[in-house]
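Me: I should like to go through this protein by question and answer. Please reason briefly each time and close on the value or name requested.

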Amino acid sequence: MAAFRFTATFLLLSLLLIANKAKSQSFIGINYGQVADNLPAPASTAKLLQSTSIQKVRLYGSDPAIIKALANTGIGIVIATANGDIPALASDPNFAKNWVNANVVAYYPSSQIILVNVGNEVIMSGDNNLISQLLPAMQNVKNALDAASLGDKVKVSTVHSMTLLKQSEPPSSGIFDPGYGDVLKGLLAFNNATGSPFAVNPYPYFAYRSDPRPETLAFCLFQQNPGRFDANTKINYMNMFDAQVDAVRSALDAMGFKNVEIVVAETGWPYKGDSDEVGASIENAKAYNGNLIAHLRSMAGTPLMPGKSVDTYLFALYDENLKPGPTSERSFGLFKSDGLTMTYDVGLSKSSSQTPVSPSTAKAPVTPSTEPKKAAWCVPKAGVSDAELQASLDYACGHGIDCSPIQPGGACFEPNTLAAHTAYAMNLYYQTSGQNPSSCDFSQTATVSSNNPSTNGCNFPGGSS
Ligand SMILES: *[C@@H]1O[C@H](CO)[C@@H](O)[C@H](O)[C@H]1NC(C)=O
């Protein structure tokens, strides 16, 4: 069945688009941190966001100016209570009620608040008093939302750091640190019972920093690489994002919470760093964010959660120029503080959301060749596993080519096999790059052939003969 995942995904996506947009299937959000003194006016930010395909914004607090500015924009808003409010929220239901009235009820529904995060990375604070009050605080906020008849519409969660995981490699062996076991169990039971997501912050950037080899960089940037094989599941992971998210999936499953959904509350890559901050560059930041966005848009999901992209909030909207620490901490912004220009283009503007994300971020530059096209096609090598074929199919279809001919009803749907569909996608990706040899690699699963694989009714573009 895995063979037809992409097909099924596209069908599902089309059905959802037809059904209606209210059942929010949006999956690209952005973090709006405000530790800065040069941020654009809230109205400019609202306008900027509306010019993009970003559908949700996560705030670290509940700034009324930005919540109001986002009214009637259709943009979903995640707000948060400060860690410092947790003791009062936990001990005093009235405090929780007042907080919800002042920060949610006052703006809803014109401002589409969708989630309240109670605190941020509380477990990592090491403050046992605060940690023990987190769940009661979440419960009181939930009760207050229920009392305001918003319990179904506005969920309650909290955000966790990846350091909660004791082990994350291979992804199937992901487990949480047993030291947090009881606390986590309570929080997860809350997520499970209330249908709220488990929110976590995976940063492939930090994985690369701790293992700065070229193959790790390619793995982290969704570029061509040999992949990392998980012997338990026989899955060859092709990128670090999927590996980290699936490690969280495994850890949740191991605790019995198979139904708790994961939300990526933060992920990003700095475009600038100090001289000792390896990997922080415009080129890498653009590759990570651009390829991540393409990956999410492909709706491929992760190997353990195929077919639906994980709701993901990019970090971050703007640089936060007052953040302490190394230069990278102040260099995650996708947009400049003029509220207009992108720091680097990752294909988020509305007009570009429908057009292909250029595969030019792949390891070798994919520049259209000016030479006349040779009679050459890109096809899978013999002996390539289904998992590798599927990964290559996902990659190609997630990188801007039109895979509709291999959907049901398309001219190239038959023969309906994984190998044939992958051949079609690989070849189109290769031709789109102007027959650049580096774009017929697919982690060494593909090869250039002079035999035209076109069949009756399905034309594989590419040959001059
Ligand atoms: C999760 O919630 C469902 C539905 O309420 C329940 O049946 C199940 O036992 C819960 N799982 C755990 C591990 O608590």
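Reply: A polar contact is here a pair of N or O atoms within 3.5 Å; within protein, one must be able to donate a hydrogen and the other to accept it. The model under discussion is predicted.

Me: Which backbone oxygen does the side chain of serine 157 reach, and at what distance?

Reply: Serine 157 belongs to strand S5, which spans residues 155-161. Beyond four places in sequence, its contacts include Asn191, Ser196, Pro197 and Ala199. The side chain of serine 157 reaches the backbone oxygen of proline 197, at 2.6 Å.

Me: Is serine 157 buried or exposed?

Reply: A residue counts as buried when its relative accessible area is under 20%. Serine 157 has a relative accessibility of 1%, so the residue is classed as buried.

Me: What backbone oxygen does the side chain of serine 250 reach?

Reply: Serine 250 is part of helix H10, residues 240-254, and is buried at 10% relative accessible area. Leaving aside neighbours within four places in sequence, serine 250 is in contact with Pro171, Ser172, Gly174 and Leu304. At 2.8 Å, its side chain reaches the backbone oxygen of proline 171.

Me: How many helices and how many strands does the protein have?

Reply: The elements are numbered from the N terminus, and strand S5 and helix H10 were met above. The full count is 13 helices and 16 strands.

Me: What percentage of the residues count as buried?

Reply: The accessible surface of the protein comes to about 19,400 Å², and carbon and sulfur atoms hold 55% of that surface. Among contacts between residues at least 6 apart in sequence, 71% join residues at least 24 apart. Of the 465 residues, the buried share is 53%.

Me: Which residues touch the most other members of the largest nonpolar core?

Reply: The largest nonpolar core has 94 residues. Phenylalanine 198 has contacts, beyond four places in sequence, that include Leu164, Phe176, Leu188, Val248, Leu252 and Ile262. Apart from the largest core lies another of 26 residues, among them Tyr395, Ala423, Leu428 and Tyr430. In the 94-residue core, the residues that touch the most other members are Val104 and Phe198.

Me: Which residues are around the ligand, and how much of its accessible area does the protein cover?

Reply: The residues around the ligand are Asn192, Gly256 and Phe257. A polar side-chain atom of asparagine 192 is 2.4 Å from an oxygen atom of the ligand. On its own the ligand has 360 Å² of accessible area, and the share covered by the protein is 35%.

Me: What parts does the disulfide of cysteine 378 and cysteine 440 tie together, and how many residues apart are they in sequence?

Reply: The sulfur atoms of cysteine 378 and cysteine 440 lie 2.1 Å apart. Cysteine 378 is in strand S15 (residues 377-380), and cysteine 440 is in the loop between helix H13 (418-432) and strand S16 (446-449), so the link ties together parts whose separation in sequence is 62 residues.

Me: Are cysteine 378 and cysteine 440 buried or exposed?

Reply: The cut-off for a buried residue is under 20% relative accessible area. Cysteine 378 has 0%, and cysteine 440 has 6%. Cysteine 378 is buried, and cysteine 440 likewise counts as buried.

Me: Why is the disulfide of cysteine 397 and cysteine 403 left-handed or right-handed?

Reply: Cysteine 397 and cysteine 403 are joined with a sulfur to sulfur distance of 2.0 Å, and both of these cysteines are buried. The torsion about their S-S bond is about -95°, so the disulfide is left-handed.

Me: What is the torsion about the S-S bond of cysteine 412 and cysteine 458?

Reply: The sulfur atoms of cysteine 412 and cysteine 458 are 2.0 Å apart, and both residues are buried. The disulfide is right-handed because the torsion about its S-S bond is about 100°.

Me: How many disulfides does the structure hold, and what is the pairing in sequence order?

Reply: The structure holds three disulfides. With the bonded cysteines numbered in sequence order, the pairing is 1-5, 2-3, 4-6.

Technical notes:
Residues numbered from 1 in each chain as written. Predicted model: local features only at pLDDT ≥ 70, side-chain atom pairs only at ≥ 80, totals over all residues. Heavy atoms only, no water. Helix = DSSP H or I, 4+ residues; strand = E, 2+ residues; numbered from the N terminus. Buried < 20%, exposed > 50% of the residue type's maximum accessible area, 1.4 Å probe, protein only. Contact = heavy atoms within 4.5 Å. Areas by Shrake-Rupley, 256 points an atom, 1.4 Å probe, with all protein chains shown as cover. Near = heavy atom within 4 Å. Disulfide = S-S within 2.5 Å. Core = buried A, V, L, I, M, F, W, Y, C linked by side-chain atoms within 4.5 Å.
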